[in-house]
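Please open the structure in a viewer and keep the sequence panel visible beside it. The tour below proceeds by selections, each followed by a description of what is found there.

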Amino acid sequence: MTLLMTERFTGNFTQQDPIPEEAIAAAVEVMRHGRLHRYNLAGDEAGETALLEQEFAAWVGAKYCLAVASGGYALATALRAVGVGPGDKVLTNAFTLAPVPGAIASVGAEPVFVGVTEALTIDLEDLEAKLAQAKVLMLSHMRGHLCDMDRLMRLCDAAGVTVIEDCAHTMGAAWNGVASGRHGRIGCYSCQTYKHMNSGEGGLLITDDAEVAARAIMLSGSYMLYSRHLAAPAPEVFERVKYETPNISGRMDNLRAAILRPQLRDLDAQVARWNERYHVLEEGLRDTPGLTLVARPEAERYVGSSIQFLLLDWAPEAVQAVLARCAARGVELKWFGGAEPVAFTSRYDSWRYAPEQHLPESDRILAGIIDMRVPLTFSLEDCALIACIIRAEVSAVWQGAA
Ligand SMILES: *Cc1c(COP(=O)(O)O)cnc(C)c1O
């Protein structure tokens, strides 16, 4: 491809696909009948929310599923459901987004940060060294990168540490054929606009543990209406927890569920579209001097809804020059090395409600992580152009610095 050095990209990095027509029709139907609350059902109607839970559980292969108000709410509910409370320590990734340590803080617990490797996954050596400090690991599959989940589960099982998976970026991903969210005790997903299904806000929680499921359902605000769920344990399980589980309302409503059900049917096809775009970007960036691509392991099935690369050991001014030059050509890159939190991007040292922690090896990697969203509104040609622009600007700065 020959390009003018000044060619600009004019697409919008935050513009997602429209909601499918079938989903719009389903949402209009819910508004017409007016029964938006999930427990407001006519006759033997199942309700959109209960059906979504049943369909999502089947799709991911879980026994139980609960739909809630957001991904962050699902994470906090998961912590409560396994008994995390004030003063407890919870292991989590140093490289993640603010809702993850925020969920830990929301139950009065303290995050203990575990480092990140050059593969952008949790550092299993660092995890092993810290396992004795906590009973729970909230594992964030940040930006869709899965660590060796078999090894992680062996380590955590041996130490008696319960794993909660944050699958906000891995809905549709798998390790060694096992879906992300199905390795730990609980898997949590987000249906916020920038994730893999879009209801504006929304979250899903899955588990095979009957008691955890019953507690999560009651926590979400089921009152004593839990028998209206279709992906829930038997009533006797609720009998054991119903007096001791507080109602902390965070239900999903039928309108959002109606929008999500048709998207779930399309999800596998959407994943394929994301990965086509990811591959064009990856190939376009390959062998750029100074730029390190993140290798994807054979065992990982991923969803390329975003792409990361490293400008490892670059001077901050040089990284900033790349960001500015790409931005001038319409390519929006995010940098995890920035000193101040910006937009959605922040670093563990910005979460000052957590005890101060130092992870020098992770700081080196975070300082080099560049991140870019890949919305499905980009064509394959768009992705090729974006890769050309990044390649040209990284090369220009790299050569200037050499
Ligand atoms: C978006 C996100 C969440 C939380 O999802 P919300 O639905 O926005 O609350 C959790 N973890 C990560 C890594 C996310 O990107």
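The stops that follow lead from the ligand to two buried side chains, then to a helix, the strands and two loop residues.

**The ligand and its surroundings**

This is a predicted model. Begin by selecting the ligand together with the 16 residues around it, of which G71, G72, H169, S190 and K195 come nearest.

Which distances separate polar side-chain atoms from the ligand at D166, Q192 and K195? In the side chain of D166, an N or O atom is 2.9 Å from a nitrogen atom of the ligand. For Q192, an N or O atom of the side chain is 2.8 Å from an oxygen atom of the ligand. For K195, a polar side-chain atom lies 3.0 Å from an oxygen atom of the ligand.

**K195**

Keep K195 selected and display the backbone around it. This residue belongs to the loop between β8 (186-190) and β9 (203-207). Is K195 buried or exposed? K195 has a relative accessible area of 15%, and because the limit for a buried residue is under 20%, K195 counts as buried.

Next, add Q16, A168, H169, S190 and W274, with which K195 is in contact when its neighbours within four places in sequence are left aside. A168 may be used for a distance check: A168 and K195 are 27 residues apart in sequence, and their C-alpha atoms are 6.7 Å apart in space.

**H141**

Move to H141, in the loop between β4 and α6. H141 has a relative accessibility of 2% and counts as buried. Show the side chain of E165 as well: the side chains of H141 and E165 make a polar contact of 2.8 Å.

What else does H141 touch? Not counting residues up to four places away in sequence, the residues touched by H141 include L146, M149, D166, C167, H169, T170 and S180, in addition to E165. Two of these have already appeared on the tour: H169, which is in contact with K195, and D166, whose side chain has an N or O atom 2.9 Å from a nitrogen atom of the ligand.

**Helix α6**

Select residues 149-159, which form helix α6, and colour M149, L152, M153, L155 and C156; these residues are buried. They lie on the same side of α6, because the arc they cover around the axis is only 160°. On the face turned away from that buried side are the exposed residues R154, D157 and A158.

To see what the buried residues pack against, add α5 (124-130), β4 (136-140), β5 (162-166) and β6 (174-175).

Both ends of the helix merit a view. At the N-terminal end, D148 acts as a cap, with a side-chain oxygen 3.1 Å from the backbone nitrogen of D150. After α6 comes G160, which has a positive phi near 70°.

**Strands β2 and β3**

Select strand β2 (residues 89-93), in which four of the five residues are buried. Now add strand β3 (residues 110-114), which runs parallel to β2 and is joined to β2 by five bridges. One position to mark is V90, whose bridge partner in β3 is P111.

**The four-stranded sheet**

Turn to an open sheet of four strands with antiparallel pairing, in the order β10-β12-β14-β13. The edge strands are β10 (292-293) and β13 (334-335); each has a single partner strand, so one side of each is left without a neighbour in the sheet.

Then select strand β12 (residues 306-310) and strand β14 (residues 369-373), which pair in the antiparallel sense over five bridges. Within this pair, I369 of β14 stands opposite L310. Add helix α9 (residues 254-285), which packs on the sheet and touches β10, β12 and β14. The direction of α9 makes about 20° with that of β12.

**Two loop residues with positive phi**

The last two selections are D287 and A343. D287 lies in the loop between α9 and β10. This residue is not a glycine, yet its phi is positive, near 60°. D287 is exposed, with a relative accessible area of 67%.

A343 is located in the loop between β13 and α11 (360-366). Although A343 is not a glycine, its phi is positive, about 50°. A343 is exposed, and its relative accessible area is 73%.

Terms used
Residues numbered from 1 in each chain as written. Predicted model: local features only at pLDDT ≥ 70, side-chain atom pairs only at ≥ 80, totals over all residues. Heavy atoms only, no water. Pairing = 2+ DSSP bridges. Contact = heavy atoms within 4.5 Å. Axes fitted to C-alpha atoms, helices over the stretch in contact; angles between N-to-C directions. Buried < 20%, exposed > 50% of the residue type's maximum accessible area, 1.4 Å probe, protein only. Arc of directions from axis to C-beta. Polar contact = N/O pair within 3.5 Å; in protein donor to acceptor, adjacent residues only side chain to side chain. Near = heavy atom within 4 Å.
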